[in-house]
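Trainee: I have the sequence and the model open side by side. Where shall we start?

Mentor: With how the helices pack, and then a few single residues.

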Amino acid sequence: MRGSTHAVIGANTVWIPLLAGLTVQPWLVAVGAFAALLPDLDASESKIKSLTVGGYVGKTKVGIRPFVPIAMVFSTIFGHRGALHSLLAVVIVAGASTFLIPYVGAAGLVVIILGYASHLAADAMTKSGIEFLWPLKMRFGLLPHFIRVKTGGILDTLLSLIGSGGVVVFLYQYIGTLKI
Ligand SMILES: [Zn+2]
């Protein structure tokens, strides 16, 4: 599945705390998208690895890719769709994210955990599946093999479009709640 599809699916996790009655700030959309890119730190090539932070010094464009060293370590040690795509990783992310509650609130915590987990669910719908019970070397999938999603295929694109629509609707309803 494409990184952009993971990001929009993760962004849509804002709906869960919203529907549960929590206050959801609009920037949590970006938090959900980012959380959904994290598992692919174990891939040799990924969206998160190519994220560039930078600007201009004079007229020269300078940028660094802060996630490249982390991605190199994770992809070398664990391999793609292994440890970072497992239940254990979700538990660790959930535990570590509790320290972020003062900054992101309860809704943010839910979005981080679900954003991360959404990546695993989405990858489990692709042909190769994931090692959900890592360190067990067994691959798990969510759909019968013949309807599994192909990266860059029509289902991938469809999910991306539906997800983008969900984000637009979320931001639209947020603007609707503002008393302007
Ligand atoms: Zn993945």
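**Helix contacts and local backbone**

Trainee: Which residues in α7 do Val 90, Val 93, Ala 94 and Ser 97 in α6 meet?

Mentor: First, this is a predicted model, where local features need pLDDT of at least 70 and side-chain atom pairs count only at pLDDT 80 or more, while totals for chains, interfaces and linings use all residues. Residues are numbered from 1 along each chain as its sequence is written. Helices here are DSSP runs (H or I, at least four residues) numbered from the N terminus, and a contact means two C-beta atoms, placed from the backbone, within 7 Å. On that basis, the four α6 residues meet Leu 109, Ile 112, Ile 113, Tyr 116, Ala 117 and Leu 120.

Trainee: Are α6 and α7 roughly parallel or roughly antiparallel to each other?

Mentor: Axes are lines fitted to C-alpha atoms, for helices over the stretch in contact, and angles run from 0 to 180 degrees between N-to-C directions. These two axes come within 9 Å and cross at roughly 165 degrees. Angles under 35 degrees count as roughly parallel, over 145 as roughly antiparallel, 65 to 115 as roughly perpendicular and the rest as oblique. The pair α6 and α7 is therefore roughly antiparallel.

Trainee: How many residues of the contact of α6 with α7 are nonpolar?

Mentor: The crossing of α6 and α7 is right-handed (the near helix is turned clockwise from the far one by less than a right angle; anticlockwise would be left-handed). In this contact, 1 residue is polar and none is charged, and the nonpolar count is 9. Ala, Val, Leu, Ile, Met, Phe, Trp, Tyr, Cys and Pro count as nonpolar, Asp, Glu, Lys and Arg as charged, and the others, Gly among them, as polar. With those classes, the number of nonpolar residues is 9.

Trainee: Is Ala 117 buried or exposed?

Mentor: Ala 117 is found in helix α7. A residue is buried if 20 or more other C-beta atoms, placed from the backbone, lie within 10 Å of its own, exposed if 12 or fewer, and partly exposed in between. Ala 117 has 20 such neighbours, so it counts as buried.

Trainee: How are α1 and α7 oriented to each other?

Mentor: Their axes are 9 Å apart, at an angle of about 130 degrees. That makes α1 and α7 oblique.

Trainee: What is the make-up by class of the contact of α1 with α7?

Mentor: His 6, Ile 9 and Gly 10 in α1 meet Gly 115, Ser 118, His 119 and Ala 122 in α7. Sorted by class, these come to 2 nonpolar, 5 polar and no charged residues.

Trainee: What covers the buried residues of α1?

Mentor: Helix α1 covers residues 3-11, and 8 of its 9 residues are buried. Among them are Thr 5, Ala 7 and Val 8. The covering elements include α3 (28-37), α4 (47-50), α7 (101-123) and α8 (154-177).

Trainee: Which residues does Val 8 touch, leaving out those up to four places away in sequence?

Mentor: Val 8 is buried because 23 other C-beta atoms lie within 10 Å. Its contacts are Ala 33, Ser 160, Gly 163, Ser 164 and Val 167.

Trainee: How far apart are the end C-alpha atoms of α8?

Mentor: The expected span of a helix is 1.5 Å times one less than its number of residues. The 24 residues of α8 should therefore span 34 Å, which agrees with the model's value of 35 Å.

Trainee: Which residues is Gly 82 in contact with, beyond its neighbours within four places in sequence?

Mentor: Gly 82 lies in the loop between α5 (68-77) and α6 (87-97). It is partly exposed, because 18 other C-beta atoms lie within 10 Å. Its C-alpha is 5.2 Å from that of Glu 131, which is 49 residues away in sequence. The contacts are Asp 42, Glu 131 and Trp 134.

Trainee: What is omega for the peptide bond from Trp 134 to Pro 135?

Mentor: Most peptide bonds are trans. Pro 135 is in the loop between α7 and α8. The bond leading to Pro 135 from Trp 134 is cis, with omega near 15 degrees.

Trainee: And what is the phi of Arg 81?

Mentor: Arg 81 sits in the loop between α5 and α6 and is buried, with 23 other C-beta atoms within 10 Å. Most residues other than glycine have a negative phi. Arg 81 is not a glycine, yet its phi is positive, at about 60 degrees.
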